[in-house]
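Okay, thanks for coming, everyone. Let me pull up the structure and talk you through a few spots in it.

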Amino acid sequence: MTSMHTSTLPTADDLRDRVRAALQAIGAHTALGEPGGPGLPASTPVTGDVLFAVPESTREDADAAITDAARAFQTWRVTPAPVRGALVSRLGELLVEHKADLATIVTAEAGKITSEALGEVQEMIDICQFAVGLSRQLYGKTIASERPGHRLMETWHPLGVVGVITAFNFPVAVWAWNTAVALVCGNTVVWKPSELTPLTAVACQALIERAADDVGAPRDVSRLVQGAREIGELLVDDPRVALVSATGSVRMGRQVGPRVAARFGKALLELGGNNAAIVTPSADLDLAVRGIVFSAAGTAGQRCTTMRRVIAHRSVVDTVIERVASAYRSLPVGDPSADGTLVGPLIHERSHRDMVAALDRARADGGEVTGGERVDLGEGAYYVRPAVVRMPGQTAVVHDETFAPILYVLTYDDLDEAIALNNAVPQGLSSAIFTTDMREAERFMAADGSDCGIANVNIGTSGAEIGGAFGGEKQTGGGRESGSDSWKAYMRRATNTVNYSSELPLAQGVTFG
Ligand code: NAD
């Protein structure tokens, strides 16, 4: 970590060429229009330019996509699960083949540094492998019956069409988490990606269609609709969409959750986070500072699991602030595709405005801000140096998720106070403790410890593996995706009682007639 920022940015034409070449290699044939033409403007945060216009779905297109997916469901649900797994297996192979191509588009469209963009595609490959294994492990239980000559068991069945709505900051992985698992479970999928990342969606759709063709599966098992919130709302309100899996802000979840519930549909919500790490007196500070800097500054603070708060013991707080601030000063900020860059751009101007406003509020509350200034690399692009803010206490601004690299540092004296601070925000996604004291670590993970869906020890708040269930509590929405038994959210459970005797005993000893 030496240079301050990487020098020049690629031109919009460079980026256009890179994206075009990657889409061509992937085999995407969607006709892209000129910037300013009809369709969704596909812009790049790298320079702030519009690269292409991407065909936008109409209401009729969305309706047709749901109709097609519902029709495909009729055959897909009775296709044996391991055969369904073959489709996901092929998708995984194509992702391995096109890992660099897809990562190039992720970098151009979401501004992720190359290593993180490649990591995001690797996450897709990992979930495909997980889902293929899962396709032979959709187990139900056999339960001891209280009646002689009876068998009691559970069977799991697909739900129907799964509507997947995704956020800009994980433009490909979240689709894959949902789609790989939903497909092996026997569902079909209609995806509405973020309107900020339509190009990555075009690439993913091309890959799933190729995979379907290669294994002889119907293409309609996975459909794409492109557009803003209004197109998402069609999935939310359509009774043919059995499950709406929506990833994005708490604001979006507040709109989507009640609407899906009103029609008794199922919702899986993966919403905003406000993630903290506690740094205790016994912490290995070298490890803690590395973990904090990656989680707080990585992806320019634009992960749902980004570390937004450090709760440091009074005996170590000065050292933590000094070391994080010093690391921040030397983080290379700039072109996310350049070697060595660690902090790429914010997604758009509004993110920068939100960051400036949050820092102003923090200052007004008595916060001491280090960093946070704009790195001027071009008019339409918003690069910033990550900010670390020593706060006198947990004021209102600290309760908000500002989707930018701001790390608030709070001070504590005893562990109960630190855990209370960790839990004092409305969101409940990820959390961490840095400690070498086993009692502190166990307490943090206990019932009266962190109230988050993810509670880590000696590791930052971001960068989860796909093997675990991913998601959070409170305003984060309560959903779980990816590994462990998250697949159960994509299926319905039937309880079956089979009487293989010649009697008809009633449960609970009831007699009737
Ligand atoms: P956003 O809420 O603005 O948009 C997310 C998606 O929801 C987009 O596709 C958008 O078009 C759609 N949408 C918005 N309102 C809708 C409505 N009423 N009906 C249907 N669809 C609607 O979020 P964003 O700015 O793209 O992403 C950043 C946010 O996402 C952050 O809050 C971040 O923490 C969160 N996020 C959460 C997770 C997680 O797994 N918990 C993962 C990634 C991002």
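Quick bit of vocabulary before we start: when I give an angle between helices, the axes are lines fitted to C-alpha atoms over the stretch in contact, and the angle runs from 0 to 180 degrees between the N-to-C directions. Also, keep in mind that this is a predicted model.

So, helix packing. Two packed helices are described by the angle between their axes and the distance between the axes. Take α14, residues 415–423, and α15, residues 438–445: they pack at about 35°, and their axes are 11 Å apart. The crossing of α14 past α15 is right-handed. On the α14 side, the contact uses Leu415, Asp416, Ile419 and Asn422, and on the α15 side you've got Glu440, Arg443 and Phe444. Sort those residues by type and you get 3 nonpolar, 1 polar and 3 charged.

Now over to the other helix pair, α1 (residues 12–26) and α4 (residues 99–110). Here the angle is about 145°, with 9 Å between the axes. This time the crossing is left-handed, as α1 passes α4. From α1, the residues that meet α4 include Leu15, Val19, Ala22 and Ile26, and among their partners in α4 are Leu102, Ile105 and Ala108. What's the mix of residue types in the α1 and α4 contact? It comes out as 9 nonpolar, 1 polar and 2 charged.

Okay, the bit you've probably been waiting for: the ligand. There are 29 residues around it, and the closest are Lys192, Glu195, Ser249, Gln255 and Glu401. The shell is a mix, with 12 nonpolar, 10 polar and 7 charged residues.

Which atoms sit by the ligand oxygens? Ser249 has a polar side-chain atom 2.5 Å from a ligand oxygen. Gly248 comes in through its backbone, with an N or O atom 3.3 Å from an oxygen of the ligand. And Arg251 has a side-chain N or O atom at 3.4 Å from a ligand oxygen.

How much of the ligand does the protein bury? On its own the ligand exposes 860 Å², and the protein buries 92% of that. As for elements, those giving two or more residues to the shell are α8 (229–237) and α9 (250–262).

Note on methods: Residues are numbered from 1 along each chain as its sequence is written. This is a predicted model: local features need pLDDT of at least 70, side-chain atom pairs count only at pLDDT 80 or more; totals for chains, interfaces and linings use all residues. Side-chain values use heavy atoms; hydrogens and water are left out. Helices (H or I, at least four residues) and strands (E, at least two) are DSSP runs, numbered from the N terminus. A crossing is left-handed if the near helix is turned anticlockwise from the far one by less than a right angle, and right-handed if clockwise. Contact means heavy atoms within 4.5 Å. Ala, Val, Leu, Ile, Met, Phe, Trp, Tyr, Cys and Pro count as nonpolar, Asp, Glu, Lys and Arg as charged, and the others, Gly among them, as polar. A residue is near a molecule or strand if one of its heavy atoms lies within 4 Å of it. A polar contact is a pair of N or O atoms within 3.5 Å; within protein, one must be able to donate a hydrogen and the other to accept it, and residues adjacent in sequence count only if both atoms are side-chain atoms. Accessible areas come from the Shrake-Rupley method with a 1.4 Å probe; for residues, only the protein chains shown count as cover.
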